[in-house]
Amino acid sequence: MKNQTTLVIGHRGAAGEAPENTLVSFRLAIRQGADALELDIHESAEGELVVCHDETVNRTTNGSGRIADLSAEELKRLDAGSWFGPQFGSEQLPLLQEVFALVPPAVMINVEIKCPYSARLEQRLLELLRHYGRLDSVVVSSFDHKTLIKLKRKEPALRIGLLYSANVASHRQLAAITGEDVYSLHPQYKLIDADDVADAVRSGLQVYPFTINKENDLRQALAAGVSGIITDFPGRLRELMNAD
Ligand code: G3P
Ligand code: CA
């Protein structure tokens with residue numbers, strides 16, 4: 001099963017082995033051989049882009065409350081690692097710019113927008129992408145396709161990726177109906193088979209199913225010819241690809 005072209009995409013970094021969406025998780029994923037990192041963003045009270053999966057800080061920090069109600073300074077004071085293990089107590093919620101500064105451009109970043117669209121979000125995200133020169137090493141994804149279309153119209157060089165968990169008649173046509181130049185499809189992994197993947201890839205789309213952790217499922221996705229695999233265990237996937 002040689003498949004050197006499939007990207008290993010670390011989900012929230014290496015979320016299976018480190019506190020998700022923290023710098024330690026991103027560093028670990030890169031050390032384990034990830035080609036790309038997936039992360040989630042929300043807006044703080046003043047509009048900073050904060051890397052966190054949930055709308056609140058309750059599950060993954062020692063604080064409580066909605067990210068949208070807290071300032072970046074308040075958010076940075078929280079412990080974002082101890083919930084996963086006492087050795088991670090010094091981890092903070094990263095700001096998106098910290099990740100852009102940390103991660104070399106050779107490692108792609110998949111920024112998933114979790115918060116609703118706002119003009120402020122659009123302005124800050126595009127400003128950071130331009131400032132850090134990351135327009136061609138980031139793909140911005142969301143389950144909210146309208147948000148992606150708005151961003152793409154504002155910045156045509158932006159790479160956008162459609163996330164979806166519902167069964168669709170045609171993966172390729174899902175991209176076509178946005179009316180925009182979509183870079184990638186991010187389906188829940190059980191929704192695809194080899195024919196869907198081949199059809200989408202032939203039309204120039206990247207296919208990055210999420211989130212695949214079990215060896216059998218990883219093997220199936222590789223055999224289906226996907227362009228990348230989003231996994232909590234990038235090290236496992238890298239080993240599997242190296243072994244075969
Ligand atoms: O981007 C793929 C995957 O992360 C989407 O689901 O809930 O893990 O953000 P979720
Ligand atoms: Ca995500």
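Reader: Which residue, with a positive phi, follows α1?
Author: This is a predicted model: local features need pLDDT of at least 70, side-chain atom pairs count only at pLDDT 80 or more, and totals for chains, interfaces and linings use all residues. Residues are numbered from 1 along each chain as its sequence is written, while chains are lettered from A and ligands numbered from 1 in the order in which they are written. Helix α1 (helices are DSSP runs of H or I, at least four residues; strands of E, at least two; numbered from the N terminus) covers residues 23-31. With phi near 100°, the residue following α1 is Gly33.

Reader: How many of the 9 residues of α1 are buried?
Author: The buried residues (20 or more other C-beta atoms within 10 Å of their own, placed from the backbone) are Leu23, Val24, Ser25, Phe26, Leu28, Ala29 and Ile30. They pack against β1 (7-11), β2 (36-43), α3 (96-102) and α9 (234-243), with contact meaning C-beta atoms within 7 Å. Helix α1 is therefore largely enclosed by the rest of the structure, the number of its buried residues being 7.

Reader: How many residues of the largest nonpolar core come from helix α1?
Author: This core numbers 66 residues, and Ile109, Val140 and Ile229 have the most contacts inside it. Ile229 touches residues distant by over four places in sequence, among them Val8, Ile9, Leu218 and Leu237. The largest share of the core belongs to helix α1, with a residue count of 6.

Reader: What percentage of the 244 residues in the chain is buried?
Author: The chain contains 9 helices and 9 strands. Its C-alpha trace spans about 50 × 40 × 30 Å along the principal axes. The buried share of its residues is 42%.

Key:
Core = buried A, V, L, I, M, F, W, Y, C linked by C-beta atoms within 7 Å. Buried ≥ 20, exposed ≤ 12 C-beta atoms within 10 Å, placed from the backbone. Contact = placed C-beta atoms within 7 Å.
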